Amino acid sequence: MTTTDLGLPAFKGQALVPAAQPPLSPKDFKSDQEVRWCPGCGDYAVLATMQAFLPRLGVRRENTVFVSGIGCSSRFPYYMNTYGIHSIHGRAPAIATGLAVARPDLSVWVVTGDGDALSIGGNHLIHTLRRNVNLKILLFNNRIYGLTKGQYSPTSETGKVTKSTPMGSPDAPFNPVSLALGAEATFVARALDSDRGGLTEVLTAAAEHRGTALVEIYQNCPIFNDGAFDVLRQPGEKEPRLIPLRHGEPVRFGGHGEFGVVRGGAGQPEIAEMAEVGEDALVVHDATLEDPSYAFALSRLSSQDLGHCVTGVFRSVGRPPYDDQVRAQTAQAKATTPADLRSLLAGHNTWTVTG
């Protein structure tokens, strides 16, 4: 285990549980609070997956913290038997940034929704991504405002009829993965709430990443936007739509692998039928490319109507985290700044203000 200049152990994804402590189980991460989401909400599946996944990290509960904003998903910290902060609307990334800078020994997770993160919190989100703060962001996307009873959100598809858009939304929605890649996030992934294996896979990769990791999770709201992602779950419908990414493997999909992703005429990824192209023509996914253009182009294969949806890890690259650099500057300042208060106050340029 490494330590920082503040004398605290630096969390790098390694086990922090003392050898003498018995292994943790999913039950250890369940709080005593009654889970109060609507029956059928996709948040239940994400919560269960997270509680089952966290013991594998070997991180102590007291070294784990969940920070949320406002929304249905933001109840998450209450249901985790870890430290948690239910913060203010859209500001969870900012609060989590301060925590990550001050406490490098913590595994910091942000839980947010499409409204919380991309509307009032959009500015905080993109700056956290570009800074590469060492925290993990779970963005629950149900394409609707659930807590406030069904208004359209920044990810609602164009033409969406809601309580606030009775004639259909005139907005062009965000593609959160494209947005994150445009901000040059070092780790970006997407998963479905109902795909426990796929969600666990990307959560594991996110936890191991040093820096900001954003995971968009398609999540069903059974009350105000029920069935929004049903075509990605139904046998016969999901196979020709879902495009799974696995690093180092050709991008191929379909019930029998009858479709694939190839380089188009302009070099951009395009979908093709395998009967018309050979295996050698397929794009081999590389999540470690420094230039985000390739990952961004893959993200554009996903469409509003879910005709296609790309899942998995789009990008995973290394870059010095913001919080590491801030702590290094703090240590340098301490080493070069006079120790006594008088020297500190009078040791640099001063001005005399006269009337």
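Helix α7 gives the most to the lining of the second largest pocket, with four residues. I start there, and I should say right away that this is a predicted model. The space in that second largest pocket comes to about 280 Å³. It has 17 lining residues, and those closest to the centre are Asp195, Gly198, Pro244, Arg246 and Thr311. Besides α7, which runs from 196 to 208, the elements that give two or more residues are β5 (187-192), β7 (242-245) and β11 (309-316). By class, the lining of this second largest pocket has six nonpolar, five polar and six charged residues.

Next, the largest pocket. Its volume is about 420 Å³. There are 30 residues in its lining, and Gly71, Cys72, Ser73, Gly146 and Leu147 are the closest to the centre. Two elements, β3 (107-113) and α4 (114-120), each supply at least two lining residues. Which of the elements gives the most to the largest pocket? That is α4, with three residues. The lining of the largest pocket splits into 13 nonpolar, 11 polar and six charged residues.

Now the enclosed space. Rolling a probe the size of a water molecule over the atoms shows where empty space is left. How many cavities of 30 Å³ or more does a search of the whole structure find? Two. The largest cavity holds about 40 Å³. Its lining is made of Ala100, Arg103, Pro104, Leu106, Asn134, Arg210, Asp323 and Arg327. In terms of class, four of the residues lining the largest cavity are charged, three are nonpolar and one is polar.

Last, the protein as a whole. The secondary structure consists of 10 helices and 11 strands. The C-alpha trace spans about 75 × 60 × 50 Å along its principal axes. The radius of gyration is 22 Å, which agrees with the value near 20 Å for a compact globule, because that is what the rule gives for 355 residues.

On contacts, take the pairs with a separation of 6 or more: 67% of those contacts are between residues 24 or more positions apart. Of the 355 residues, 47% count as buried. What area does the protein expose, and what share do carbon and sulfur atoms supply? The exposed area is about 16,800 Å², and carbon and sulfur atoms supply 54% of it.

To go back to the start: the second largest pocket, at about 280 Å³, takes four lining residues from α7, and the largest pocket, at about 420 Å³, takes three from α4.

Technical notes. Residues numbered from 1 in each chain as written. Predicted model: local features only at pLDDT ≥ 70, side-chain atom pairs only at ≥ 80, totals over all residues. Heavy atoms only, no water. 1 Å grid on protein atoms, 1.4 Å probe; cavity = no way out; pocket = protein on both sides within 12 Å on 5 of 7 lines; lining within 4 Å. Points joined across faces, edges and corners; volume = space filled by probe spheres on them. Nonpolar A, V, L, I, M, F, W, Y, C, P; charged D, E, K, R; others polar. Rg over C-alpha atoms; globule rule 2.2 N^0.38 Å. Buried < 20%, exposed > 50% of the residue type's maximum accessible area, 1.4 Å probe, protein only. Contact = heavy atoms within 4.5 Å. Areas by Shrake-Rupley, 256 points an atom, 1.4 Å probe, with all protein chains shown as cover.
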